[in-house]
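Here's a quick tour of one chain, from the overall fold down to a few individual residues. Have a look at the model first, then read on.

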Amino acid sequence: MQRDLVERAMAGDHDAFTELARVSIRRLLVVARLILRDDGRAEDATQEALISAWTHLAGLRDPARFEAWLHRLLINACYRESHRDRRRGIFEVNVPPMREAPATGDLATEVARRDQLERGFRRLDAEQRTVLVLHYYLGLSLDEASDVLGVRPGTIRSRLHRAIEAMRAGLEADARSPILNQGWLA
């Protein structure tokens, strides 16, 4: 069904593209939020990706590759949005609230773990967050992630390794921080 919608949209059918966007937008927003760490910028990047998709849809060679192509457009929009942040010197982090208490364990422990992961994720650049989101959140294989990003699988493996190592180093640095260990900011 999606291939049919893509082919109709490629032929200029606005309703078909609207349906494709409707089906994809929630997932695109989540991915953009994970990469950019800001709701407003994620919405901007998602909108930019969808506009770019509509504008360049005729250039899509294989309708079966629409989803990977759309993710690539989104990631490129996230990178552009991230670079705008660097030029402005702005860095904001929004931590989404927990929806419900964990089924097992202590709520305080779960919040502390979530906060620790958030601090580690915050230390990564957009490229590192992107590869982690594609692989661990979207569940893409390394080959699929390389296809989305338009790079070789070996590049994805090395980016994933560097992202994990950077996150690990950030978490270890936080663990050594006397301020965090004394409970002043934790």
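What follows goes from the whole chain to one helix pair and then to two single residues.

First, a reminder that this is a predicted model. The secondary structure is easy to sum up: nine helices and zero strands, so the pattern along the sequence reads α-α-α-α-α-α-α-α-α. Of the 186 residues in the chain, 37% are buried. As for the surface, the chain exposes about 11100 Å², with carbon and sulfur atoms supplying 51% of that. If you take the contacts with a separation of 6 or more, 64% of them link residues 24 or more positions apart.

Now zoom in on helix 8, which covers residues 153-176. Its 24 residues reach 35 Å from the first C-alpha to the last, close to the 34 Å expected at 1.5 Å a residue. Which residues of helix 8 are buried? They are Ile156, Arg159, Leu160, Ala163, Met167, Gly170, Leu171 and Asp174.

Helix 8 has a partner in helix 5 (residues 107-122), and the axes of the two come within 8 Å. They cross at roughly 125 degrees. An angle between 115 and 145 degrees falls in the oblique class, and that is why helix 5 and helix 8 are oblique to each other. The crossing of this pair is right-handed. On the helix 5 side, Gln116, Leu117, Arg119, Gly120 and Phe121 do the meeting; on the helix 8 side, it's Met167, Leu171 and Asp174. Those three helix 8 residues also turn up among the buried ones.

Next, two single residues. Ala49 sits in helix 3 (residues 39-56), while Arg152 lies in the loop between helix 7 (142-149) and helix 8. Is each one buried or exposed? Ala49 has a relative accessible area of 1%, and buried means under 20%, so Ala49 is buried. Arg152 comes out at 66%, and the exposed class starts over 50%, so Arg152 counts as exposed.

Leaving aside neighbours within four places in sequence, Ala49 is in contact with Leu70, Leu73, Leu74 and Ala77.

For both residues there's also a C-alpha distance to another point in the chain:

| Residue pair | Separation along the chain | C-alpha distance |
|---|---|---|
| Ala49 and Arg72 | 23 residues | 8.7 Å |
| Arg152 and Leu142 | 10 residues | 9.3 Å |

Definitions and conventions
Residues numbered from 1 in each chain as written. Predicted model: local features only at pLDDT ≥ 70, side-chain atom pairs only at ≥ 80, totals over all residues. Heavy atoms only, no water. Helix = DSSP H or I, 4+ residues; strand = E, 2+ residues; numbered from the N terminus. Buried < 20%, exposed > 50% of the residue type's maximum accessible area, 1.4 Å probe, protein only. Contact = heavy atoms within 4.5 Å. Areas by Shrake-Rupley, 256 points an atom, 1.4 Å probe, with all protein chains shown as cover. Expected span 1.5 Å × (residues − 1). Axes fitted to C-alpha atoms, helices over the stretch in contact; angles between N-to-C directions. Parallel < 35°, antiparallel > 145°, perpendicular 65-115°, else oblique. Left-handed = near helix turned anticlockwise from the far one by under 90°.
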